[in-house]
Structures are given as structure tokens and as C-alpha cells.
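Consider the empty space in a protein chain, open and enclosed, and the residues that border it. The paragraphs below start with a pocket, pass to a cavity and end with two annotated spans.

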Amino acid sequence: MADFPTTARVVIIGGGAVGTSALYHLAKVGWSDCVLLEKNELTAGSTWHAAGNVPTFSTSWSVMNMQRYSTELYARLGAEVDYPMNYHQSGSIRLAHSKERMQEFERAKGMGLYQGMDLEIMAADEIKARYPFIETHDLQGALYDPNDGDIDPAQLTQALAKGARDMGAQILRFTPATGVRREKGEWVVETEKGEIRCEYVVNAAGYYAQRVGEWFKPYGGRTVPMMVMSHQYMLTDEIPELEAWSREAGHKLPLLRDVDSSYYLRQEKYGLNLGPYERNCKAHWVQPSDPMPEDFSFQLYPDDLERLEWYIEDAMARVPLLGTGGVNKVINGPIPYAPDGMPLLGPMPGVPNAFEACVFTFGIAQGGGAGKVLAEWITEGQTEWDMWSCDPRRYTDYTDADYCIQKGMEVYGHEYAMHFPWHEWPAGRDKKLSPVHARVKELGGVMGAYNGWERANWFAKPGDDTSEESTHTWNREGPWSARIREECEAVRDGCGVLDLPGFTRLWIEGTGADDWLRGFVTGGLPRVGRMNLVYVADTRGRVLTEFSCIRLAEDSFVLITAATAQWHDGELVRNALPEGLSLRETTTERDALLVAGPMSRDILSGLTDADLGAPWLSHQHCMVAGQKAFLVRVSFTGELGWEVHAENAAIPAIYDALLGAGAKPFGMYALNSLRMEKGYRAWKGDLSTDYSMLEAGLERFVKFDKPQEFNGKAALLAEKQAGRKKAFVTLIVDAKEADAPYMSTLWHDGAIVGETTSGAWGYRVNASVALGMIRADLAVPGTEIEVEIYGERCRAVVQADAPLWDPENARLRA
């Protein structure tokens, strides 16, 4: 082939809506020297048989941003690239059968309003005006979204492809990639027609993404965490009554979603399209007897309507008109699922200059935004919105095939489920257990999964309701609330112990470690024998991560970070580490016990040879309960306390000795309440790349006068001079039954002025506490604002820039 390109800046593998969007957005920012490879024709995977719905609704801030951007792009794309497209913004109606669902809608409405979208809450008796064929007698209400609708997936893909080609990018159809290899710091992508040498590779291979991902394993990759579900939707014959109504109205019916029954119903020409997400769902290509074909382009699975019987009957009862149209066609095709239903979008874990834009369950709705995000990742190394919800590094080594299949089926069967704050999904559990897991369960531990690690959220007593059903509420009160209070009070008045497996531990050693680390973090380093908090910023001065930095010797440090940050932060450090320094990770070999409360010194004194008079933020090697341990004088609870780090084999003896001496077990829910009262930030909630170091109130952790040029220094200096736009605040909220969830809208004088980043009840201060970001001029103690909590605006007061509990830190330093 004379015109076969042998070099490119970026090669994208996969020609669906997401791959072409990535190519289009790369070309749009001037990276036109990019090539997309498609094994068949464009759209041959999940794209061609996709229903093409384009919702904006999400309770994830980043996904809502991505989907909103898609609707904005699609509305102008046809004219922009001169390609005709069928894009109907018909609006949508989401039905609510319960008060809890209406609360979810209220929350989404507040988030949407913040992003400039005009979502509307409808009473049950208002629905028929927009959808005359519906039965509403058993409904609580609905959410109306005027921007929702549907698009022709093939036309969308071709329009993106045309736009990319017009800007100079290349698309090679019928050119399957067959492998990759790394040579001299570059990628070589192998195809049957030749090889392409490039800087960056993108896996946008849809339901083939796992197969493509295997090629990267020799270069540090892992098996892509995904599985494939069968999704069916059925099209009816044309319905005369619907045609007559549409012609008179001059538009289509709004897209209807009965989220509690779990299906969507959409007008298709003058018929209807019904697509259920059934509980008794079916995974494909997961058994040796059902292998994934080499090529499943433009193919479907056999119809299997029996699975959908209940959903079809439910939909016909809701919209009787549906029953008057015969079934014209059934589409049953593969859709890829990640274990949480979110796509894999961002850096490929462990692999240099490789990215993922795959496993999109809603690839049409998210494709436009995904292309924008991926182009930013590649060309700038950072994204406009914090995209942790979709970052492939959110998963680590626990995502085996069993986990992916269990979780994928669970997510599919609960596609429209509400994600309640106290609810833990039961599938795919017990992947990583602490050395005292059985003991914690025996004590009543009600468990949650954190990066696969099982930790107790709270401790139930005999007779407490620990059923899944009990957690289906947004309210703070439940079987857990009295126990959380008792656990917080035990830490406040006595001594609590929390088993905390999964801390990410990175040991850095070697000549020059001190100097390198000073240039890596924004602030200063501790002296030998001490520890402090350090932060890493991106080039915009936004918060990438936070570490506890422990200094063992002049050039020997341990960086400790959140369990969920393991691959994100590990990669951050590895990519920046110069030659000559060594990095060792001991995340899985050790466990940590948090011992906290005014009696913690008394309890530990009978068990250890350590110097318990050593000051706050010091550390020492010692013996605890006859076991070698590492004692760190720090406490995320805001009380006198220590972290006891030890090898796994030593932990059971230490844990039992602490319990025997009078320590009371407490869980993650109590810890969250305790840290909120101290204003301690949580990673990827209060601390994210949506905020700068200055906005996050972390200027004391920025050393502008040090000689090292740390990331973000110039941006932070400019921001310091101009003044920050937002400021981190602690709020006391006159909350009713529920505390403020993440991204609750903040109001002042009728205008949106910020958002909460976390919220919980503070059991020591006996008040509802929220942490948030607010317009900087309002960050004045005593300022009254309103927090919108599930549709209800509650008065809130900005607090002084100090912890609510023990503002002088006297208890910590005791």
C-alpha cells in the first residue's frame, strides 16, 4: 500500500464512536498526525447495534460533565463537519415510584443546574401533558430533561470520522491491529498491512479491549477488567395512534425511562423501542464452551425474549399503546461492562504512553465527552475535569475474571439502581482480606470494600438489622447510626482500634532522595524521625495527591497513601523517580491498626516498649504484644493516637492484645465522621484535580521560596497574585434527615456559589458537618448560605478556618 502510514504521533485501535471521537478531538487540538485502525468497517462493534440514547443524567459529577458535553457537541457536529445526522433532542422523562427516587432526581437536578442544564422535577399529575399514553396512578413524580434524546450511532461515528479526516487524521478500515511492541522508547503497532511507529497507543477496542490489552502485558500491563453482557431491545411495528399524535404535535414523544422497573421506552419513527436491563441477565464469552469469536463484526446473538417477559408486561401496563404494536425486530448484541459500569478512560496502568478509551457501556452518550477527555490526557497530561470515576487505575490486582463477571452482571441487572451512601453491593466480595478479617467479622463487623480490601464500616450488635434492604435510604438514621455514635464516643472518651488493611506504602531510598523529593512535592520534608503531610500538584497547581511522608534516614523515606490510590500514586512516583533511587512497595505485606482516644496511651503502655511520650508526628520501631512493629504518632480521628504498622503475621496478636486491654473496635463510618469534624480532607472527594492547592486551603503545604521547581509552582504563584476564585470551608448545616452528599449545590442570595465535597453527622460536635468549595469572597466565618440536600435548601454557616473539634489540637498533642 503506497499510502500506508509508517509513523504517527498516536495510533488508536478501534473504530467505534469512542475511537473516532478521540481521533476527532486530537485533530481538533492540532494533533492531525494520528491514525485510527479498524479491523472491519467503522461501527462494526457495539456501536452499530447501539440504541443511540444520549442522556445527560448521572449522579457522578465527572460523567455528567462528559455526557453534557456530548449533547452540546452532537447538536452542532453535523453543521460543523458538513455531515447530515439524525439527532433528536426529544427530551426524556424518568419515572419515580418512591420518595427515595424523587430525592435522587432532586440531587441530579441540583448538579445539572450547576452545569447549566435545565432539569425539571414533575409531579405525577403533570406527566400526561408531555406523555399522553402513560398510566401514572402509582407514581411519585418524574424528572424531565429537555436535552435528552437519541442519535443514529452510525451517522455520529461517520460525522466524527469525516471531521477528523478533514483535519488531516487518517482512518484505515479493514486493517486489524495484530500486536504491539516497544522499541527505543516508541511503540510499534503491528498490522497485516505493515507496521506503524508512534509515540502513543490508545486501546479503544470496545468488547475486544481485553484481547488488545494482553499485548501490553510484557510492558507492564494487566488483564483489562471487563466482561461482556448481552443487551436486548425490541422494535414494534408502526402504531397508527402514535403516528397521528406525532404528526399533530410536530415532534416525537419524550424518551421514557422507568428506572425502578428497569427499562427505557423510546419512539422509533412511528413505533416504539423497548430496552430492558433485566435482573436475570446473561453474560457472554465467559465460558470455555462459549469462546469469543475472532471477529464478531456486525453480528448479533440469537433472540432470547423469554428473559424479558416481566419487563415487557410491566412496560405494556405503563404504556398500554405498546401492546397494540407487534414485535417487528429484536436486537441482541454485546455490550462491554467494567465492574462498576463506568468506562476505562485514561492512562493504561503500568504502561508508558499507552491509554485506554474502552469498555463503554454507554458509548454513544459518553463518546463525545470521552474523546475530549482522552485528547487532553494525551496532549496535556491532565484533564479539565477530575476523571477518577473513569480512570483505569481505580482498579488494581483484585479484578480477576470471577470478579469482573459477578460485578458486570450485578451492575447490568441494577443499571438504574440508586447508589445509597450506606449500601454495599454484595457481588465480588472478599477479594483481599486483612490478617484479622475473621476476628473483625466475629466482633460484628459490617464490611465494605476499599480497593478490594475488606474493612469494617461499622460494628453491629446482636439483633441489629444488617440486611441490604435496611440500607436503601439517603437518611443518616438506620441500624448503623446508634453504633457509629457509640464508636465515635469510644474514641472520644476511651480508646478505639480500627483494622485498616490496604494502605499504599512506597519506600524510596538512595543518595539524592531528599533533593528529588523536595522537587516532587509542593512543600517541605520532615526531619529524620518525624513525619508530615506532603502534596503533589499538576502543572496547573491542582491537587494530584496527598502522602504521609515518613523520614527514616537522611535519604530514606516511606510515602503512605490511600488504598484506592495504590496504582495512581505508585505510577506517579515511579514515572518521576530518577535513576539511582530505588522504590519498594510493601502494601500487601503489612497491615495497620489505628489506635485512638484519650486512653490509648494507657492501653498501649502495658503492651509496648515504645516511648509513648515521643511527640506528635514522630515514629519509632518497637515491640507491641511481643511482635515487631512500627509506631507512628498520628491520628486521622483528631484524638491522641498511634498507627501500629506491622507485618501481616504479627497483626492478630497485636489486635487481640489491644482488644484484651480494653480498646473498642470502630469502623470506617465512624472514622469518616471523626475526620470531618477535624476538617481533614479525603482523597478524590475534598482533594482532586478539580481544585488548586490554594483553593483547597493547603497554602501552608506550599513552599514558594524553596529552590526546587516543583510542578504547578508558576500557576500557584500566578493564582496567589490574582487571588483564588474558590475557597475550602467547613460548614455547620441545619440538615434535616440526610446529611449533604458529595456535590450538593451551595446557594447564596439565589445564586449558585459552590459545592460540597463531603458531608456527615459529627457525633462529637452534635451537628451536621459539610466540607465544601465556595466563592472565595463568601469564605468568611459567620457567612450564612444554603446547602441543597436532595432538593431541600438547608441553612448553613461558614465556620472559622480551624477544626470544629479541638481547634487547638490539644487532644492530639496530649
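The second largest pocket has a volume of about 970 Å³. The model in which it is found is a predicted one. This pocket has a lining of 44 residues, and those nearest its centre are Pro 347, Arg 393, Glu 571, Leu 572 and Asn 575. Two or more lining residues come from each of the elements β19 (354–358), α10 (363–380), α14 (513–520), β24 (531–537) and α15 (566–576). Of the elements, α15 contributes the most, giving nine residues to the lining.

Which domains does the lining of the second largest pocket draw on, with at least three residues from each? They are domain 1, made up of 1–88 + 150–226 + 338–395, and domain 2, made up of 504–586 + 691–714. In terms of residue class, the lining of the second largest pocket holds 19 nonpolar, 15 polar and ten charged residues.

Enclosed space is the next topic. Rolling a probe the size of a water molecule over the atoms shows where empty space is left. How many cavities of 30 Å³ or more does a search of the whole structure find? The search finds one. The volume of the largest cavity is about 50 Å³.

The lining of the largest cavity includes Glu 106, Arg 107, Gly 110 and Met 111. Further along the chain numbering, Pro 741, Met 743, Ser 744 and Thr 745 also line the cavity, as do Glu 788, Ile 789 and Tyr 790. Two elements, α4 (99–114) and β37 (784–789), give two or more residues to this lining. The largest share, four residues, is from α4. By class, the residues lining the largest cavity are five nonpolar, three polar and three charged.

The annotation can now be set beside the model. An unreviewed UniProt entry places the feature "domain: Aminomethyltransferase C-terminal" at residues 726–806. Over residues 726–806, the chain is 57% strand and 0% helix. The C-alpha atoms at the ends of residues 726–806 are 26 Å apart.

The second span is also taken from UniProt, where the annotation "domain: FAD dependent oxidoreductase" (unreviewed entry) covers residues 9–377. What are the helix and strand contents of residues 9–377? The span is 30% helix and 27% strand, and its end C-alpha atoms lie 14 Å apart.

Terms used. Residues are numbered from 1 along each chain as its sequence is written. This is a predicted model: local features need pLDDT of at least 70, side-chain atom pairs count only at pLDDT 80 or more; totals for chains, interfaces and linings use all residues. Side-chain values use heavy atoms; hydrogens and water are left out. On a 1 Å grid over the protein atoms alone, a cavity is a set of points where a 1.4 Å probe fits but cannot get out, and a pocket is an open set with protein on both sides within 12 Å along at least five of seven lines; lining residues have an atom within 4 Å of a point. Grid points are joined across faces, edges and corners, and a volume is the space filled by probe spheres set on the points. Ala, Val, Leu, Ile, Met, Phe, Trp, Tyr, Cys and Pro count as nonpolar, Asp, Glu, Lys and Arg as charged, and the others, Gly among them, as polar. Domain bounds come from an automatic or database domain assignment. UniProt positions are given in the numbering used here, feature names are shortened, and annotations may be inferred rather than shown by experiment.
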